[in-house]
Structure formats: C-alpha cells, structure tokens
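Trainee: I would like to learn how the words used for a protein model are tied to cut-offs. Could we go through one together?

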Amino acid sequence: MLKIKHRGRVAQTRIYLGKFFRMFIFQNDWKVLPMSAVIAGLVSFAVGANLYKTMEGTLMGSFALACICIWNGFFNSIQVICRERAILKREHRSGLHISSYIAAHMIYQAILCVLQVFITIQVLNFMNVVLPSKPLITAIPVLDFGITLFLVTYCADMLALLISAFSRTTTAAMTIMPFMLIVQLLFSGGFFSLPQEAMPLTNLTATKWGLTALCAQGDYNSLPMVSIWNSVVKMKNIEYEGQRPVYEMLKYIEENDMRDEILMETGKQNQNPDYAFDRDIVIRCWKWLIMWTVVYVALAIFLLEFIDKDKR
C-alpha cells in the first residue's frame, strides 16, 4: 500500500501521476492512442470527403468528429477508478486526499486527450480531409479546431471518470457506458430531429456544444447545399406527356453554368444562425464544455469522499 499518510496534496498528486504513467506503459493503457487513430481513419474514410465543403457534409462530418471525441474520452477513463476501488478505499483510510487523486487523473487524462486530438488531426490531414481555414479565436485555424476537439474529448473523459467513481465494478461501468453514449449521440441537437420539448436536454450533452462549435468554425452558413439538387437530379428521367421537363431544366442550368450559383442560393435559404461564423458562438460552446467538465469533476470528488461508507 502507498505510504501517503503524512504527505500533502501536491505530493500525493505527483505520486499518483507517476503511478498512472507507469500503468500507461506497463499495463497497456497506451492502446487508447492507436485506437483513436483507427477511429479517426474510419470516420475520415466514411464521411470526410465533404467536410467543410457542403452544408450536409459539414453537419455530418462535425457530428462524426464529435462522436470520435466522445468515444475516445469515454474509453480513456471508464474503468480507471472502479478497477482499483478496493485499493482506493484502503488508501483513503490511510490519509489519501481524494482531491489529489482526482487531480492526478485530470492531469493524466488531459495529456491523453491532447495526444488523441493531435493524432486525430494528423489522420485527418493524411486522409486529405478539409479543415477550417479561417480563424475565430486564435490566429491559427487548426488550433481553434484542436481546442474544440480537446474540450469535447476531455468533457467526455471526465463524465466517464464520474461514472467510474460511481460504479462498483468495471462490469457495471461498461454497462452504463452504452446508455450514456446513446444519450450523447441522440441529443446532439443538430443531427437528429427532436421534439421541441426535448431540445433543452441537448444542453446537457458535450456533442451539442462540440457539433455547434465545429460547424461555426467551418463557416457552415457560407457553404452550398447539395441535397435538394441531388434529389432533383434523381428525377431527371421522369416523363410527363412524352417530355422530360426536369431533364430539360437541368440541361439548361448546366449549359448556362448556373449550378454552383443555385447551390449557393439553396444554402443561403437554409442557413442556421446557431452555426454562424461568430467567435461568440464558439466561446459560448467552449464555456458550456468547461462548465460540464467542472461539474463532473466536482461530483466525482464528492462521491469518492464517501467511499469508506460504501457497502455495495
């Protein structure tokens, strides 16, 4: 058992931080990094072609990127506390400060999240996925983009840490995780059509704020919309009284080089003010993500302070 009874909070944090890095090396916790690369590669292959090129591609791609972050964050810490719950209980009785223990987790997990975001961005670049080209907060667009990915990943990470603090066993934690994933994805607020009374629930999810920030950073409202055009193209061979009016219309548009203009006009008619290219929107999303991260950390500390009384 770790002898920490007479050590201060800072010293305890350093001790546990060293322990977590040793576990990263010797207990294969490093596997979360190549897994994040694989997930980013699959998503890039599936939905990366139209990201930040069209409205539909940006919405779908931003949702997929938010899903990558949620997935990475959850798997980083969903089992880290419950797998050593008995040890933690003994060490708490010997003088461990729960705040130091959680602080060590926060630092360690933050480093993991930064590495995962870096890997994700590198994979996106390797797969030739278009990234935001105009800055909003900092002078470097990819830095703004990376901060958003980090905040979503870290928020999900701290939520998983809270679940791990609450769960008695790793099995219980892994049982809760799919439910939380469904909540995060279903209540993203922009990808699925939800009843109006359910919209306030989207504020509880990291995906809503990640999706909004990513769309705003990609200047969603300046992009063309192609879904209506594609639907019309599918109807071009429909005949009416021996003629094909849709085909003739499309032919006229193509011959007069009007297609791009129509796509841009279609986009203008379907702009979403929530995704405007506005720094205030991105900052608001970042604030919500930080707020939920703090809430999850505070609740995890509160729960673990009573770990000695846990008779489950």
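Mentor: Let us begin with a single residue: leaving aside neighbours within four places in sequence, Phe145 is in contact (heavy atoms within 4.5 Å) with Tyr52, Leu65, Ile121, Leu124, Leu131, Pro132, Leu214 and Gln217. Before going on, note that this is a predicted model, in which local features need pLDDT of at least 70 and side-chain atom pairs count only at pLDDT 80 or more, while totals for chains, interfaces and linings use all residues. Residues are numbered from 1 along each chain as its sequence is written, and side-chain values use heavy atoms, with hydrogens and water left out.

Trainee: What makes a set of residues a nonpolar core, and which residues have the most contacts inside the largest one?

Mentor: A nonpolar core is a set of buried Ala, Val, Leu, Ile, Met, Phe, Trp, Tyr and Cys residues joined through side-chain atoms within 4.5 Å, where buried means under 20% relative accessible area, exposed over 50%, and partly exposed in between, with a 1.4 Å probe and protein chains only. The largest such core has 73 residues, and those with the most contacts inside it are Phe74, Ile81, Tyr101, Ile102, Phe145 and Leu304. Helix 6 gives the most to this core, with 14 residues; helices here are DSSP runs of H or I with at least four residues, numbered from the N terminus.

Trainee: Why is Leu186 called partly exposed?

Mentor: Leu186, which lies in helix 7, has 35% relative accessibility, and because this value falls between the cut-offs of 20% and 50%, Leu186 counts as partly exposed.

Trainee: Where does Asp274 lie, and why does it count as partly exposed?

Mentor: Asp274 lies in the loop between helix 11 (259–268) and helix 12. Its relative accessibility is 44%, again between the two cut-offs, so Asp274 counts as partly exposed. Not counting residues up to four places away in sequence, Asp274 touches Thr212 and Ile281. The C-alpha atoms of Asp274 and Asn221, 53 residues apart along the chain, are separated by 9.5 Å.

Trainee: How do you know that the span of helix 5 agrees with what is expected?

Mentor: The expected span is 1.5 Å times one less than the number of residues. For the 29 residues of helix 5 this gives 42 Å, and the end C-alpha atoms are 42 Å apart, so the two agree. Helix 5 is followed by Asn128, whose phi is positive, near 60°.

Notes
Helix = DSSP H or I, 4+ residues; strand = E, 2+ residues; numbered from the N terminus.
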